[in-house]
Amino acid sequence: YGAALSHWHFASRFTPGASRLRVYNPRPEEHGWQSTHTIIEIISQDMPFLVDSITMEVNRQGLTVHLIIHPLMRVRRDGEGNLQAIGEQRDEAAGNLESIIHVEVDRRTDPAHLDALQQGLTRILADVHAAVADWPGMRQQLADLVGELEASPPPIEMEQAAEDIAFLKWLAAGNFTMLGYREYALVDHIDERTGQSDCVLRIVPGTGAGILRETGAEHSIAFSALPPEVKKVATEPRLLVLTKANARSTVHRPGYLDYVGVKRIDQNGKVIGEQRFLGLFTATAYNASPDAIPILRQKVRKVLDRAELRPESHGGRALSIILEQYPRDELFQIAPEQLYDVAMGILGLGERQRT
C-alpha cells in the first residue's frame with residue numbers, strides 16, 4: 001500500500017516530453033513506508049524499449065531486479081502537468097498514455113551508489129527518448145539515401161553497388177533498429193601549431209540524431225591518429241562499412257552496437273565523407289536465411305562457387321548447412337576469402353571427427 005501511494009503522489013505532477021525519476025530507500029518517518037530494497041520510481045510517456053533498457057542498466061551496475069511493475073495508464077493533465085484524471089486505456093480522448101514503472105533492486109545505502117544509479121538511469125532514459133523521438137527522421141534519412149544512390153550510383157563496380165543498395169533497402173524494411181545517425185566529412189585540415197596538413201573526420205553540424213545527437217562536446221578526429229588498417233578501409237572506394245561499434249548499446253539490448261557506414265564517394269572515386277547509422281539488427285535479421293539477405297547471399301554464393309562441390313553431394317549439402325548456421329554477426333563482417341577458409345576448415349573437421 002505504501003509503495004502504491006508513494007508512486008501515486010510522485011505521479012501527481014509530470015511534464016510530458018521527459019521522464020521523471022526517483023531512486024531512494026523508503027523510511028517510515030519520511031515516506032510513510034519501508035522496504036528491504038532500494039526503490040526506483042519512473043513516470044514516462046509511453047514508448048518502446050523503456051523496460052528493457054532500465055533493466056539493462058540496473059544489471060550493468062551489478063544489481064538484481066527483485067520486482068518490476070510497469071502498467072500503462074491513460075492520464076489527463078492540465079497545462080502545468082498536474083494530474084486531473086485517469087481514463088480508459090483505449091480511449092485516446094481521455095489523455096496521454098504514460099508508463100508507470102516501479103522497480104525494486106538490491107538495497108544500496110551508500111549515497112554514491114544511489115547517485116550512480118540515479119545518474120545511470122537518467123542517461124539511459126535520455127537515450128531512449130532521443131532514439132524514439134528521432135527514429136522517423138533517421139528512417140527517412142535512410143530512405144532518402146537509397147533514393148540518391150539509385151538516382152546517381154557511386155563510381156564503383158556496378159554489380160557491387162546494386163548489392164549494397166539492396167542491402168540498405170533490406171535494412172529499411174524493418175531489419176535494423178536505428179538508434180543513432182550522424183554525417184561526417186573527410187576534409188583537409190592544417191594544424192595551427194605545426195602547420196602540417198592532414199585529413200580529419202569532421203562532424204557535419206546539425207546531422208546528429210538519436211543517441212548521436214550533438215552535445216557540443218564532440219571533436220573532429222585527426223585522420224593521422226587512426227590505425228593504418230582503419231585508414232585503409234576509410235579511404236577505399238567501397239560504399240558500405242559493416243562492423244561493430246566499440247560501445248555497447250544503452251537501449252533495448254546490451255550487445256555492441258551494429259555500425260553501418262555509407263561512404264560518400266565523388267565522381268572521381270574519392271571518399272569525401274560518411275553517413276553513419278548505429279543500431280541493432282533485429283531478430284528477423286538473425287533468423288532469416290543468408291540467401292534472403294543482400295551482401296550475405298553474395299558472400300555465400302562466392303564460397304559455394306569456389307568450393308566447386310555439387311549441391312546435391314554430401315560435401316555440398318554439409319557446406320551449405322555450415323554457411324546457413326554461421327554466426328550471423330561474423331557473417332556480416334567477414335570477407336569472402338576468409339569465410340571460404342573457415343567454412344572449408346569446418347567441413348574438413350566434420351570429416352575427421354578430431355581436433
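Reader: What makes D134 and R213 count as a salt bridge?

Author: In this predicted model, the closest N and O atoms of D134 and R213 are 2.7 Å apart. A salt bridge requires a side-chain nitrogen of Lys or Arg within 4 Å of a carboxyl oxygen of Asp or Glu, and therefore the pair D134 and R213 is counted as one.

Reader: Why is this pair said to tie together parts of the chain?

Author: D134 lies in helix 4, while R213 lies in the loop between strand 9 (209-210) and strand 10 (221-222), so the salt bridge joins parts that are 79 residues apart in sequence.

Reader: Are the two partners, D134 and R213, buried or partly exposed?

Author: D134 has 18% relative accessibility, and because buried means under 20%, D134 counts as buried. R213, at 38% relative accessibility, falls between the limits of 20% and 50%, which means partly exposed.

Reader: What makes E57 and R60 a salt bridge, and how are they placed in helix 3?

Author: The closest N and O atoms of E57 and R60 are 2.9 Å apart, which is within the 4 Å that the definition allows. Both belong to helix 3 (residues 50-60), where they are three residues apart and therefore separated by about one helical turn. E57 has a relative accessible area of 2% and is buried, whereas R60, with 56%, is exposed, because exposed means over 50%.

Reader: How do you know that E57 also meets R123 in a salt bridge?

Author: The N to O distance between the side chains of E57 and R123 is 3.8 Å, and because the limit is 4 Å, this pair qualifies as well. E57 lies in helix 3 and R123 in helix 4 (residues 111-151), so the contact ties together parts that are 66 residues apart in sequence. R123 counts as partly exposed, at 39% relative accessibility. The structure holds 15 salt bridges.

Reader: Why is the aromatic pair of W170 and F281 called tilted?

Author: The ring centres of W170 and F281 are 6.3 Å apart and the angle between their planes is 40°. Rings pair if their centres lie within 6.5 Å, and an angle that is neither under 30 degrees nor over 60 is called tilted, so the pair W170 and F281 bears that name. W170 is in helix 5 and F281 in strand 13 (residues 271-281), 111 residues apart. W170 counts as buried at 11% relative accessibility, and F281 counts as buried at 3%.

Reader: What makes Y181 and F277 a tilted pair?

Author: Their centres are 4.8 Å apart and their planes stand at 45°, and because this angle is between 30 and 60 degrees, the pair is tilted. Y181 lies in strand 7 (residues 176-190) and F277 in strand 13, so the pair connects parts that are 96 residues apart in sequence. Y181 is buried at 3% relative accessibility, and F277 is buried with a relative accessible area of 2%.

Reader: Which residues touch the most other members of the largest nonpolar core?

Author: F277 is one of them, together with F167, L168 and L171, in a core of 46 residues. Helix 5 (residues 158-175) gives the most to this core, with six residues. A second, separate core of 28 residues includes I40, L63, V105 and L280.

Reader: Why is strand 6 described as mostly covered, and which sense does its pairing with strand 2 have?

Author: Eight of the 10 residues of strand 6 (residues 96-105) are buried. Strand 2 (residues 38-45) pairs with strand 6 in the antiparallel sense over eight bridges, and because at least two bridges are needed for strands to pair, the two strands count as paired. In strand 6, I101 stands opposite I42. Strand 3 (residues 65-69) also runs antiparallel to strand 6, joined by four bridges.

Reader: What makes R276 count as a charge over the face of Y184?

Author: R276 lies over the face of Y184 at 4.1 Å from the ring centre, and the distance part of the rule is therefore met, because its limit is 6 Å.

Methods. Residues are numbered from 1 along each chain as its sequence is written. This is a predicted model: local features need pLDDT of at least 70, side-chain atom pairs count only at pLDDT 80 or more; totals for chains, interfaces and linings use all residues. Side-chain values use heavy atoms; hydrogens and water are left out. A nonpolar core is a set of buried Ala, Val, Leu, Ile, Met, Phe, Trp, Tyr and Cys residues joined through side-chain atoms within 4.5 Å. Buried means under 20% relative accessible area, exposed over 50%, partly exposed in between (1.4 Å probe, protein chains only). Rings of Phe, Tyr and Trp (its six-membered ring) pair if their centres lie within 6.5 Å; planes under 30 degrees apart count as stacked, over 60 as edge-to-face and the rest as tilted. A charge sits over a ring if NZ of Lys or CZ of Arg is within 6 Å of the ring centre and within 35 degrees of the ring normal.
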